[in-house]
Amino acid sequence: MHRFHYQQGQLFCENVSLQSLAEKHGTPLYVYSKATVTDHFTRLDAALMGLDHLICYAVKANSNLSILATIARLGGGFDIVSAGELYRVIKAGGDAGKCTFAGVGKTRGEIEYALQQGIYCFNAESEAELVFINEVAGSLGKKAPVAVRVNPNVDAKTHAKITTGKSENKFGIDFDRIAEVYARIASDMPNLVIRGLQMHIGSQLTSVDPFVEAVRKVSPLVAEMKAQHGLEFFSIGGGIGINYRQCLDSGDASWWEQNSAEQHPLTIQKYAESVVPLLKPLGLRILCEPGRFMVGNAGALLTQVLYEKRGAAKVFKIVDAGMNDLIRPTLYEGWHQIVPLKQPAAGETELADIVGPICETGDYLAQNRDVAPVKAGEYIAAMSAGAYGFTMASNYNTRPMPAEILVDGDQAHIVRERQTLDDVLKGEHVV
Ligand code: LLP
C-alpha cells in the first residue's frame, strides 16, 4: 500500500500536501512516507511468520537516520556494506547484534570497527577475505562470526548492472568450492566462528522463479554445511522487485492488492508462498535483506519545472532535479512514474522529455514520456524514488544535496537539511 494519492486536486503523501512541502522547503526535495515503510516491513514480517526469521534491511537503499530508526523500532536488523552504514545504524538506535556485513572489499578498519561493535555476522565474499578477517580478529583477541556468500550461478533476469548471482559477477564464491571453503575455515581459521551461509542473486527481480531456482539449488548445500559445521542461519539476500508503474494509491487496499498482482507478477504473498515451504525443512533461522521493497515506493522526488523548450524533434521540460539527485533513469534505464503535484484533467497529456540542469545528455528523469502538460513554475514528482535515490545522489556540478522529509500522518519532519554551498565545499583547501 503506497501512501501517495490525489486529494482535493493535489498530490498528498499521507495527510500532507506535497505542493505545500515543495513551496516551504524548496526543490529538489525527497519525501518519504513512514506509514508505507512500516506497512512494507510488517507485511513481509507477517509473510515470513512460518519461519524463524530476521529481516535485515539493506541500508544502501535508503540510509537516512529516521528511516533506519523506523525499521529498528519495528525490530528489524540491517544489512550493511561499510563502516559508515554501521555507524549510521548505531546512531539511529539500531542493534549492531542484528547487522550482517556484506561486500567484497572490507578494509581492516571496517572489520575492526564491526568486531568492536559486535555485529551478528560478516558475509564473506572470498577466501582471501576470510583469511584476513581471521587475522584481524586474532589481533584483537576476538572471534569473528562469518557466513560465506555462495554464488549460485542463477540468472536473476534483471538489469545487467544489478545482476549479482552469475559466475561472471564479482560476488560470492563459486558453488562448487563452498564445501571446501567451510572445511578450511573449520580447520585453519581459529578466530572465525561459522554462523551461516548467504546468497543474493540480484536486485529488482520481478518474477519469483529465479528465487525459487536459487533456493532449490543452494538448500541441499546449506543442509550439508549445517550437518558438518552447525550453521545457525541461511540468508536468502534481497532483490524483491517493486512496481514502478503503479505508484499512486486509490485509497482502497483490496484494489491495490489486485492491481499490483496483475501488473506486477511478484507480490510479497507469492514470494513467501514460493520460498517459505522450501526453506522450512532446513530448520534454520532465515535472514532476508530487502532494500528496495522496504522503501522504494515510500519515496518521491519533488522537482519544479524551470523552463520548457520546444525543439525540432522533442519537447523538453527542464526541471531543477538532475541526475546527481536521481541517477537511476540514466544508470539503469530506470523508469519512474512522473506525476504533477496538481491533479491534471483526465486524459490531458503531452509527449516530452523531463530533463535536468546538468551538462550531460544522460541527465534526464524520463524520455519520450506522455506527461501532464505542466508549465514552468509548476511541480512534478518522480515516484518510487525512496530506494537508491538520495543514497546515490552526489554533488556533481557543485549542486547541494536535496533535503529529505519524512511524513508521518499529518506531520512532515525534516530528516535531513538541504546542503548549503559551504557544506559542499567543506574540507577543501586552496593552496
Ligand atoms: N543484499 C545484498 C548483498 C545486496 O547487494 C543488495 C543490493 C541487497 C541485499 C538489497 O537488494 P534490494 O532488495 O534492494 O534489491 N542501485 C541499484 C540497485 C543496487 C543493488 C545493490 N545490492 C538500483 O537503483 O536499481
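## A tour of the ligand and its surroundings

Begin by selecting Glu289 together with the ligand in this predicted model, where a polar atom in the side chain of Glu289 lies 2.6 Å from a nitrogen atom of the ligand. Next, add Gly291 to the selection and look at its backbone, since here it is a backbone N or O atom that lies 2.9 Å from an oxygen atom of the ligand. Then select Tyr388, whose side chain has an N or O atom 2.6 Å from an oxygen atom of the ligand. If you now show the surface of the protein, you can look at how the ligand is enclosed: of the 580 Å² of accessible area that the ligand has on its own, the protein covers 92%.

Now widen the selection to the whole shell around the ligand, which holds 18 residues, with Ser203, Glu289, Arg328, Tyr332 and Tyr388 coming nearest. Colouring this shell by residue type will give you 6 nonpolar, 6 polar and 6 charged residues. The space that the ligand takes up is the largest pocket.

For the next stop, step back and colour the chain by its domain assignment, which gives domain 1 (4-31 + 297-425) and domain 2 (34-293). Where these two meet, the contact takes 28 residues from domain 1 and 28 residues from domain 2, while the centres of domain 1 and domain 2, taken over C-alpha atoms, are separated by 31 Å.

Where does the ligand lie with respect to domain 1 and domain 2? Bring the ligand back into view with both colours showing: domain 1 and domain 2 both give residues to the shell around the ligand, so the ligand lies between them.

Technical notes. Residues numbered from 1 in each chain as written. Predicted model: local features only at pLDDT ≥ 70, side-chain atom pairs only at ≥ 80, totals over all residues. Heavy atoms only, no water. Near = heavy atom within 4 Å. Polar contact = N/O pair within 3.5 Å; in protein donor to acceptor, adjacent residues only side chain to side chain. Areas by Shrake-Rupley, 256 points an atom, 1.4 Å probe, with all protein chains shown as cover. 1 Å grid on protein atoms, 1.4 Å probe; cavity = no way out; pocket = protein on both sides within 12 Å on 5 of 7 lines; lining within 4 Å. Sits in = over half its atoms within 2 Å of the grid points. Nonpolar A, V, L, I, M, F, W, Y, C, P; charged D, E, K, R; others polar. Domains from an automatic or database assignment. Contact = heavy atoms within 4.5 Å.
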